[in-house]
Each structure stands twice: as C-alpha cells, then as structure tokens.
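Please consider the structure shown below with two topics in mind: the burial of certain residues and the empty space inside the protein.

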Amino acid sequence: MTFAFTPPSIATVAIENSTALFPVHRIYCVGRNYAAHAREMGADPSREPPFFFCKPADAVWPADRSVGAGDTASLPYPSATSNLHHEIELVIAIGKAGHEIPSTQANEYIFGYAVGLDMTRRDLQNRLKDKGHPWETGKAFDRSAPISRITPVAQCGHPSKGRVWLKVNDQLKQSGDLADMIWSVPEIISHLSTYFELQAGDLIFTGTPEGVGPVKSGDLITAGVDEIAEIAVRFR
Ligand code: MN
C-alpha cells in the first residue's frame, strides 16, 4: 500500500513502569459529572444528567513521551481565547473492545487509569452554548487534553473514592472526591457503550469537580488523583 503523503503518527500515552506505549483510539469526555460543578456552570444536576462529548485522539499531550513522572510538560497558550480554563479529571483507559457493556462487567474492559486536564476555551464554549452550537472550538482544540502516564489496573485497582485536586502556582483551586461522581466509572462505560462501540485505546475523561477557573501564560498547573497519578503543566 502507498499513501499520497506520510500518514500522521499515532497518538500515544506513556504507561507507568513500562516501555510500551498506549495507542490512543478516541477521546471521550463526560460533561457535568459532579453536582457542584454542574451548579457552578449554571445547570441543575437534579434535572439534567451528565452527557458526552469528544476530543480528537491527537489532543493528548505531551506528544513527546520522553517527559516522565516528576517532569513538567510545556504547552503554548492556545490561540483564539482569553479565558482558558482548567478541569482536572480521572481518565479511564480502555483495554478491550465492547458494545452495550453492563455496568457489572465494565471493570473487565479497563486497562488502567490516568489523570488528565480537559482544557477549555470557556469564552468560546459559553458563546457556543448560548447559540446551541457544537462545542468543538471550545473543547477539541490542539493539545486540549494534557494527560499523565497511565497506571495499569494491576497497580491501582479500580478506585471508587480518592481526592481529585488541582493547584495553579501552588494555590489549591479544585478539590473533590471520586466518590462524588454522579455517574460512577462502571456506569460511564455502560452508558457510553450504548452509543459507541468502545475499542482498546479509548480514553474517557470522567468529568471535573467544582473550582474550574482561568489559566494565564506562565502559570504552572499541578494536579492529580490520589493513589492514581499526577500531572504538571506550564503554559508558555
Ligand atoms: Mn470536563
């Protein structure tokens, strides 16, 4: 087979204690999966359930996997926004294909867990929301999904509780707990797999707790989920 031009390289995420890379198939995201964050976004979590949106696979960052634990990834401040927001999230890494997966079997499909930042051009997203337009330019831009190494299930099990935190320049901005997710990890996989055939290589961002806010050029974000992973990103 020949290609008309060199095909793009596949997006990958590093795996803790492994030289193998996790090849990314798709990135799914859950919106408003913590009640307090839904309220800070002006929604009523008792009336509107969480929902899904997507980012392109190559939104993961750093693309250069030589960045390891304890290193800080460097990102350019994105174009076309003056209100870039951080959202720290537990990320599920799927390791096996499945469709219409019962929540009781969902854990069998999980390769591991990471933490990720669902970076958001909030000014654009708010304008798109007002018009009922799709969210892509607000959510699915280049390098909009910084992610830690993936911790395999064999090392971390299946967390149902644990602190989710994010600091900007060492000031605590987001602090929540996995136990406060409206849809649990197995419920997310079960719901999502009714809409899409999940594949090995899918990443699922599971939603953010309250406290989202702006990031400026020069800011350092440190964030994590206890017992899972941490991430450090500086915007230049
Ligand atoms: Mn989010």
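Glu89 has a relative accessibility of 0% in this predicted model, and it therefore counts as buried, since that term applies under 20% relative accessible area. By the same reasoning Glu87 counts as buried, because its relative accessibility is 3%.

Both residues also take part in holding a metal. The manganese ion has Glu87 (OE), Glu89 (OE) and Asp118 (OD) as its protein donors, and these lie 2.0 to 2.1 Å from the ion. Along the chain, the donors of the manganese ion are spaced in the pattern E-x1-E-x28-D.

The next topic is the empty space within the protein. Rolling a probe the size of a water molecule over the atoms reveals where such space is left. How many cavities of 30 Å³ or more are counted? The count comes to one. The volume of the largest cavity is about 100 Å³.

Which residues surround this space? The lining of the largest cavity consists of 17 residues, and those nearest its centre are Gly31, Arg32, His37, Glu87 and Lys139. Glu87 thus appears in two settings, as a donor of the manganese ion and as a residue of the cavity lining.

The lining can also be described by the elements that supply it. Strand S3 (27-31), strand S4 (51-55) and helix H2 (122-131) each contribute at least two residues to the lining of the largest cavity. The largest share, three residues, is that of H2. In chemical character, the lining of the largest cavity comprises seven charged, five polar and five nonpolar residues.

Notes:
Residues numbered from 1 in each chain as written. Predicted model: local features only at pLDDT ≥ 70, side-chain atom pairs only at ≥ 80, totals over all residues. Heavy atoms only, no water. 1 Å grid on protein atoms, 1.4 Å probe; cavity = no way out; pocket = protein on both sides within 12 Å on 5 of 7 lines; lining within 4 Å. Points joined across faces, edges and corners; volume = space filled by probe spheres on them. Helix = DSSP H or I, 4+ residues; strand = E, 2+ residues; numbered from the N terminus. Nonpolar A, V, L, I, M, F, W, Y, C, P; charged D, E, K, R; others polar. Donors = N, O, S within 2.8 Å, 3.2 Å for Na, K, Ca; no water. Buried < 20%, exposed > 50% of the residue type's maximum accessible area, 1.4 Å probe, protein only.
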